[in-house]
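This report describes one protein chain for a reader who has not seen it before. The sequence and the model come first, and the text then goes through selected side chains and the fold as a whole.

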Amino acid sequence: MSAIVVYASQTGFTRRYAEWIAEELGCEAVPVERADAIDAGACDVVVFGGWFHAGGLVGKKWLARTRAAHPGTPFVAFAVGATPPEWTDMVDEAMAREFPSPELDGVERFYLRGGFAYERLSLPNKLAMKMFFKMQEKQAATDPRAAEMLSGMRGGFDGTDRAAIAPVVARVRELAAAAGQLPA
């Protein structure tokens, strides 16, 4: 099987997932900044991982552009965020927004919980997070989810879990097997 894992990561949580997935698949994990040098059309499956930032998926432009250039190549995507996966309404809304139809129809997609490390943020993102914290403080008074999110983010957390990649890896293997490249 010829696969590649391309990822966008700022604080390391998405990179960790990308490296775990690449290890399981026996392929390389490449930062999105170097991904334009890759011939995605030569791969049996392309895996993309990005992180949610201010409601957007970082790296989505690369995913959309590359998928459009290689419509016959299967793509599997994972999005990493701080939202607990059991908050399915919020996760589903973000995933639907960031993987719009028809642009990204057919891209298999998964949500993986990342973490939050304020000290690893860029200066502009630190400033944006200070504003976010102020906004969350107001909401936390009446919204238990906002209070929980604020508490977790203020202290920082690592919600990555290697076991969470199992469905991503399984789907990549299924797609490769369907193409006659690998037993399922």
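E98 is buried in this predicted model, with a relative accessible area of 7%. Its side chain carries a charge that is paired: K60 and E98 form a salt bridge, and their closest N and O atoms are 3.2 Å apart. K60 belongs to helix α2 (residues 60-69) and E98 to helix α3 (residues 88-98), so the salt bridge ties together parts of the chain that lie 38 residues apart in sequence. K60 counts as partly exposed, at 21% relative accessibility, whereas E98 is buried.

**Salt bridges**

Side chains of opposite charge can pair when their charged atoms come close. How many salt bridges does the structure hold? The number is 13. Three of the pairs are set out below.

| Pair | Closest N to O | Location of the partners |
|---|---|---|
| K60 and E98 | 3.2 Å | helix α2 and helix α3 |
| D158 and R16 | 2.6 Å | strand β8 and helix α1 |
| R154 and E137 | 2.0 Å | helix α5 and helix α4 |

The salt bridge between D158 and R16 has an N to O distance of 2.6 Å. This pair links distant parts of the chain, with D158 in strand β8 (residues 157-158) and R16 in helix α1 (residues 13-25), 142 residues apart. D158 is partly exposed, with a relative accessible area of 44%. R16 is also partly exposed, at 26% relative accessibility.

In the salt bridge of R154 with E137, the closest N and O atoms are 2.0 Å apart. Here the partners are 17 residues apart, R154 in helix α5 (residues 144-155) and E137 in helix α4 (residues 123-140). Both are partly exposed: R154 has a relative accessible area of 48%, and E137 has one of 38%. Elsewhere, salt bridges with shared partners join K60, E93, R97 and E98 into one network.

**A buried arginine without a salt bridge**

R67 lies in helix α2, the helix that also holds K60. What is the nearest side chain of opposite charge to R67? The nearest is D105, 7.3 Å away, and R67 is buried yet has no salt bridge. A salt bridge needs the side-chain nitrogen within 4 Å of a carboxyl oxygen, so the 7.3 Å to D105 does not qualify.

The side chain of R67 does have backbone oxygens beside its polar atoms. The backbone oxygen of D105 lies 2.4 Å from a polar atom of this side chain, and the backbone oxygen of E103 lies 3.2 Å from one. Apart from neighbours within four places in sequence, R67 is in contact with F75, E103, L104, D105, G106 and V107.

**A buried loop residue**

A35 sits in the loop between β2 (28-31) and β3 (45-53). Is A35 buried or exposed? At 1% relative accessibility, A35 counts as buried. Once neighbours within four places in sequence are set aside, the contacts of A35 are with V6, V30 and W62. The C-alpha atom of A35 is separated by 9.6 Å from that of I4, which is 31 residues away along the chain.

**Cysteines**

The count of disulfides is 0. For C27, the closest cysteine sulfur is that of C43, and the distance of 8.3 Å is too far for a bond. C43 is in no disulfide either, as its nearest cysteine sulfur is that of C27. C43 is buried, at 12% relative accessibility.

**The chain as a whole**

The secondary structure comes to 6 helices and 8 strands. Along the sequence they follow the pattern β-α-β-β-β-α-β-α-β-β-α-α-β-α. The radius of gyration is 17 Å, close to the 16 Å that the globule rule gives for 184 residues, so the chain is as compact as a globular protein of that length. The C-alpha trace spans about 55 × 30 × 30 Å along its principal axes.

Of the 184 residues in the chain, 45% are buried. Among contacts with a separation of 6 or more, 75% come from residues 24 or more positions apart. The salt bridge of D158 with R16, whose partners are 142 residues apart, is one link between distant parts of the chain.

Definitions and conventions:
Residues are numbered from 1 along each chain as its sequence is written. This is a predicted model: local features need pLDDT of at least 70, side-chain atom pairs count only at pLDDT 80 or more; totals for chains, interfaces and linings use all residues. Side-chain values use heavy atoms; hydrogens and water are left out. Helices (H or I, at least four residues) and strands (E, at least two) are DSSP runs, numbered from the N terminus. Buried means under 20% relative accessible area, exposed over 50%, partly exposed in between (1.4 Å probe, protein chains only). Contact means heavy atoms within 4.5 Å. Lys and Arg count as positive and Asp and Glu as negative; His and the chain ends are not counted. A polar contact is a pair of N or O atoms within 3.5 Å; within protein, one must be able to donate a hydrogen and the other to accept it, and residues adjacent in sequence count only if both atoms are side-chain atoms. A disulfide is a pair of cysteine sulfur atoms within 2.5 Å. The radius of gyration is taken over C-alpha atoms; the globule rule is 2.2 Å times the number of residues to the power 0.38.
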